[in-house]
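Hi,

Here is the structure I promised to pass on. Please have a look at it first, and then read my notes below.

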Amino acid sequence: MNVLGNPLLTMSRNGGEPDMLGSIISAIVIGAIVGALARLVIPGRQSISIALTLIVGIAAALIGTLIAGAMGFANTGGIDWWEHILQLALAVVGVLLVTQMRPGRTGRADHM
């Protein structure tokens, strides 16, 4: 069960406090999917690690959920497509920023 329309916060089995372990696992899974999709959308090769992609994806998923909640489209009757599109867009921007910030790495293989 979602808490406040947030898929990253799930209720515990007894209906009490939010289930922290479930929230962490959900954030990791959603972040991994969003981060991987972001790397697939960006053309060329990105010179960032899988762990960094996961961190960017988790951050994008959390920020996207917060923005979608603030804008009022985080909790719809079905799949929250607009929220997921927002999360993906944020992950693409995040991966591009991290790739550009890495010193000495361009993300291109033109040095062969």
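Before the notes, one definition: a residue is called buried under 20% relative accessible area, exposed over 50% and partly exposed in between, using a 1.4 Å probe and protein chains only. This is a predicted model, so local features need pLDDT of at least 70 and side-chain atom pairs count only at pLDDT 80 or more, while totals for chains, interfaces and linings use all residues. Residues are numbered from 1 along each chain as its sequence is written, and side-chain values use heavy atoms, with hydrogens and water left out.

**The overall picture**

The chain has three helices and three strands, and from the N terminus on they run β-β-β-α-α-α. Helices (H or I, at least four residues) and strands (E, at least two) are DSSP runs, numbered from the N terminus. Of the 112 residues in the chain, 34% are buried. The accessible surface comes to about 7400 Å², and carbon and sulfur atoms hold 71% of that; accessible areas come from the Shrake-Rupley method with a 1.4 Å probe, and for residues only the protein chains shown count as cover. Taking contacts between residues at least 6 apart in sequence, 52% join residues at least 24 apart, where contact means heavy atoms within 4.5 Å.

**What the record says**

UniProt, in an unreviewed entry, places "transmembrane region" at residues 20-42, 49-75 and 81-99. Its positions are given in the numbering used here, feature names are shortened, and annotations may be inferred rather than shown by experiment. In the model, residues 20-42 are 96% helix and 0% strand, with end C-alpha atoms 32 Å apart. Residues 81-99 are 100% helix and 0% strand, and their end C-alpha atoms lie 27 Å apart.

**Helix H1**

H1 covers residues 20-41, and its 22 residues reach 31 Å from first C-alpha to last, close to the 32 Å expected at 1.5 Å a residue. The expected span is 1.5 Å times one less than the number of residues in the helix. Among the buried residues of H1 are Gly 22, Ser 26, Ile 30, Val 34 and Ala 38. Ile 25 also belongs to H1, but it is partly exposed because its relative accessible area is 45%. Together with Leu 21, Val 29, Ile 33, Leu 37 and Leu 40, Ile 25 makes a nonpolar surface patch of about 590 Å². Patches are made of residues with over 30% relative accessible area and no salt bridge, joining like charges within 9 Å and nonpolar side chains (Val, Leu, Ile, Met, Phe, Trp, Tyr) within 5 Å; a salt bridge is a side-chain nitrogen of Lys or Arg within 4 Å of a carboxyl oxygen of Asp or Glu.

**Helix H2**

H2 (residues 50-71) also has 22 residues and reaches 31 Å, against an expected 32 Å. Its buried residues include Thr 53, Gly 57, Ala 61, Gly 64 and Ala 68. Ile 50 is found in H2 and is exposed, because its relative accessible area is 73%. Its C-alpha is 8.6 Å from that of Ala 36, and the two are 14 residues apart in sequence. Ile 55 is in H2 too, and it counts as exposed because its relative accessibility is 54%. Just after H2, Gly 72 takes a positive phi of about 90°.

**Helix H3**

Does the span of H3 come out as expected, or what is it? Its end C-alpha atoms are 30 Å apart, which agrees with the 30 Å that its 21 residues should span at 1.5 Å a residue. Buried residues in H3 include Glu 83, Gln 87, Ala 91, Gly 94 and Val 98. The C-alpha atoms of Ala 91 and Ile 55 are separated by 9.8 Å, with their positions 36 residues apart along the chain. Ala 89 lies in H3 (residues 81-101) and counts as partly exposed because its relative accessibility is 39%. The C-alpha atoms of Ala 89 and Val 34 are 9.1 Å apart, although these residues are 55 apart along the chain.

Best wishes
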